[in-house]
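Subject: Structure handover and notes

Hello,

Please find the structure below. My notes on it follow.

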Amino acid sequence: LAANPPLGAGQAAIDAAEQQARLDALAPPLTIGAEVENFAGTGNLSGFDDAEFTLRVGKVFERGGKRDARQVLGASRVAVLGNEVERRKLDLIRDAKHRFVNVAAQQALLQLAEQESALARETREAVAYRVKRGASPEADLSLADLAVARAELDAEDLEHDLESARVALSVLWQEREPDYAEVAGSLIETPGLPAFDELARRLGAGPDQEKFAVEAARLEAERRLAEAGRTPDVQGTLGVRRLEAFDDQALVLSLALPVGLGPRSDLAIARGRAESAELVARREATELERYRTLFATYQELRHARHELDVLRDKMIPSGERALELASRGYDEARYSFLQVSAARSVLHSLHKDRIAAAARYHRLLADLERATGASGVSIP
């Protein structure tokens with residue numbers, strides 16, 4: 001949150017909006033002007049003897065509460081940008097969790113691949129010994145060599161995936177070269193499933209829901225400013241005129257009042273009503289879509305949890321038993337090495353599936369936390 005570039009840009013936008021709000025809250029400035037009349041003409045007016053010099057000071061007197069309305073509008077625009085930054089923070093936290101989980105998953109897969117590679121080399125030596133003694137066909141040695149090559153290739157591929165995942169995480173805080181070797185944590189240790197009703201209640205709070213409130217406040221501030229525009233401002237000037245012909249001075253006062261502001265104000269107010277109606281409709285549609293997304297994500301989370309339980313309690317134990325039986329049968333010359341290799345491949349895939357299901361579970365928890373706009377759903 002402290003070093004992420006997009007968040008820094010969002011805060012800079014807030015600062016700019018605050019300065020613009022202060023600028024809009026200023027009263028209209030004074031104007032100073034000078035005027036020369038009746039000079040450089042013909043006859044008696046050919047020079048400056050009969051010229052008239054006027055020095056004016058002007059000011060616009062705002063009416064209808066325009067300045068207050070501008071202040072409220074400026075504050076509402078700052079609030080809109082602040083809400084956007086808060087929503088970006090939640091997005092960043094979710095993305096950081098996703099990428100953290102991806103690194104942890106790649107670490108677990110690489111560790112699994114390295115174990116498989118070591119086991120494949122160990123098995124290859126045992127098969128070579130049996131082939132040398134004539135207890136196994138030479139084809140088993142070729143299959144064992146292929147198993148070693150495949151395991152080493154998988155491990156090498158996962159090393160590249162892990163490096164990419166580490167960089168994807170570190171760039172969130174502007175580090176192109178990750179300054180960490182690994183992330184700490186166990187994917188298999190998963191927190192409990194939160195209650196859906198509690199998550200659904202949280203949809204009514206948080207920056208996502210507040211977004212519509214701050215937008216409604218901005219539209220109301222614009223309506224108030226448009227309403228204030230009905231009242232015309234008075235533009236007045238006061239000056240001193242020098243009449244050379246009489247060698248005298250006199251004050252000059254002028255007032256100006258614009259007319260025909262009603263239609264402009266009406267159109268601005270009508271536009272605001274249409275935008276408010278659009279905001280209400282969009283809010284209702286967004287609330288339904290957020291609920292649908294939350295429900296779908298929750299169902300995926302339940303499935304991931306069920307998959308984890310089945311893999312842990314049924315499938316992996318069955319795979320381990322099948323490998324044990326196949327290995328025993330191979331030692332007793334009842335099974336071929338192909339059957340042992342197939343059983344080992346199945347068990348390896350089950351462990352990979354377990355890692356993938358656990359990673360998906362953690363990512364879905366992060367999605368639920370983002371959707372509810374509140375922390376505390378999961379602790380990675």
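L253 lies in strand β4; helices and strands here are DSSP runs (H or I of at least four residues for a helix, E of at least two for a strand), numbered from the N terminus. L253 counts as exposed because its relative accessibility is 62%. The classes are buried (under 20% relative accessible area), exposed (over 50%) and partly exposed (in between), with a 1.4 Å probe and protein chains only.

Before the rest, two remarks on the source. This is a predicted model, in which local features need pLDDT of at least 70 and side-chain atom pairs count only at pLDDT 80 or more, while totals for chains, interfaces and linings use all residues. Residues are numbered from 1 along each chain as its sequence is written, and side-chain values use heavy atoms, with hydrogens and water left out.

Surface patch

L253 is one of the residues of a nonpolar surface patch of about 560 Å², together with L238, V240, L251 and L255. Two elements, β3 (234–243) and β4 (248–256), give two or more residues to the nonpolar patch. The most comes from β4, with 3 residues. Patches are made of residues with over 30% relative accessible area and no salt bridge; like charges are joined within 9 Å, and nonpolar side chains (Val, Leu, Ile, Met, Phe, Trp, Tyr) within 5 Å. The areas come from the Shrake-Rupley method with a 1.4 Å probe, and for residues only the protein chains shown count as cover.

Core

The largest nonpolar core has 54 residues, and V103, V127 and L187 are those with the most contacts inside it. At least two residues of this core come from each of α1 (5–24), α2, α3, α4, α6 and α7. Helix α2 gives the most, with 14 residues. A nonpolar core is a set of buried Ala, Val, Leu, Ile, Met, Phe, Trp, Tyr and Cys residues joined through side-chain atoms within 4.5 Å. Leaving out residues up to four places away in sequence, V127 touches D140, L141, A144, Y330 and F337; contact means heavy atoms within 4.5 Å.

Helix α5

Helix α5 covers residues 207–228, and its 22 residues should span 32 Å at 1.5 Å a residue; the end C-alpha atoms are 31 Å apart, which agrees. The expected span is 1.5 Å times one less than the number of residues. Buried residues in α5 include P207, D208, F212, V214, L219 and E222. The buried residues of this helix pack against α2 (66–133), α6 (262–331) and α7 (337–372).

Within α5, the side chains of E222 and R218 meet in a salt bridge (3.0 Å, N to O). The two residues are 4 residues apart, about one turn of the helix. E222 is buried, with a relative accessible area of 19%, whereas R218 counts as partly exposed at 22% relative accessibility.

Other salt bridges

The count comes to 31 salt bridges, a salt bridge being a side-chain nitrogen of Lys or Arg within 4 Å of a carboxyl oxygen of Asp or Glu. In the one between K66 and D233, the closest N and O atoms are 2.8 Å apart. This pair links distant parts of the chain, with K66 in helix α2 and D233 in the loop between α5 and β3, 167 residues apart. K66 counts as buried at 11% relative accessibility, and D233 is buried with a relative accessible area of 18%.

R124 and E125 form a salt bridge through their side chains (3.9 Å, N to O). R124 is partly exposed, with a relative accessible area of 25%, and E125 is exposed, with 52%. There is also a network of salt bridges that links D91, R94, D95, D208 and R370.

Single residues

Q174 has a positive phi of about 65 degrees although it is not a glycine. Most residues other than glycine have a negative phi. Q174 sits in the loop between α3 (138–170) and α4 (196–202) and is exposed, with a relative accessible area of 54%.

S170 is in helix α3 and counts as buried, at 0% relative accessibility. Not counting residues up to four places away in sequence, S170 touches E175, R176, P178 and Y180.

E320, in helix α6, is partly exposed, with a relative accessible area of 41%. Apart from its neighbours within four places in sequence, E320 is in contact with L347 and H351. The C-alpha atoms of E320 and H348 are separated by 9.7 Å, and the two residues are 28 residues apart along the chain.

Regards
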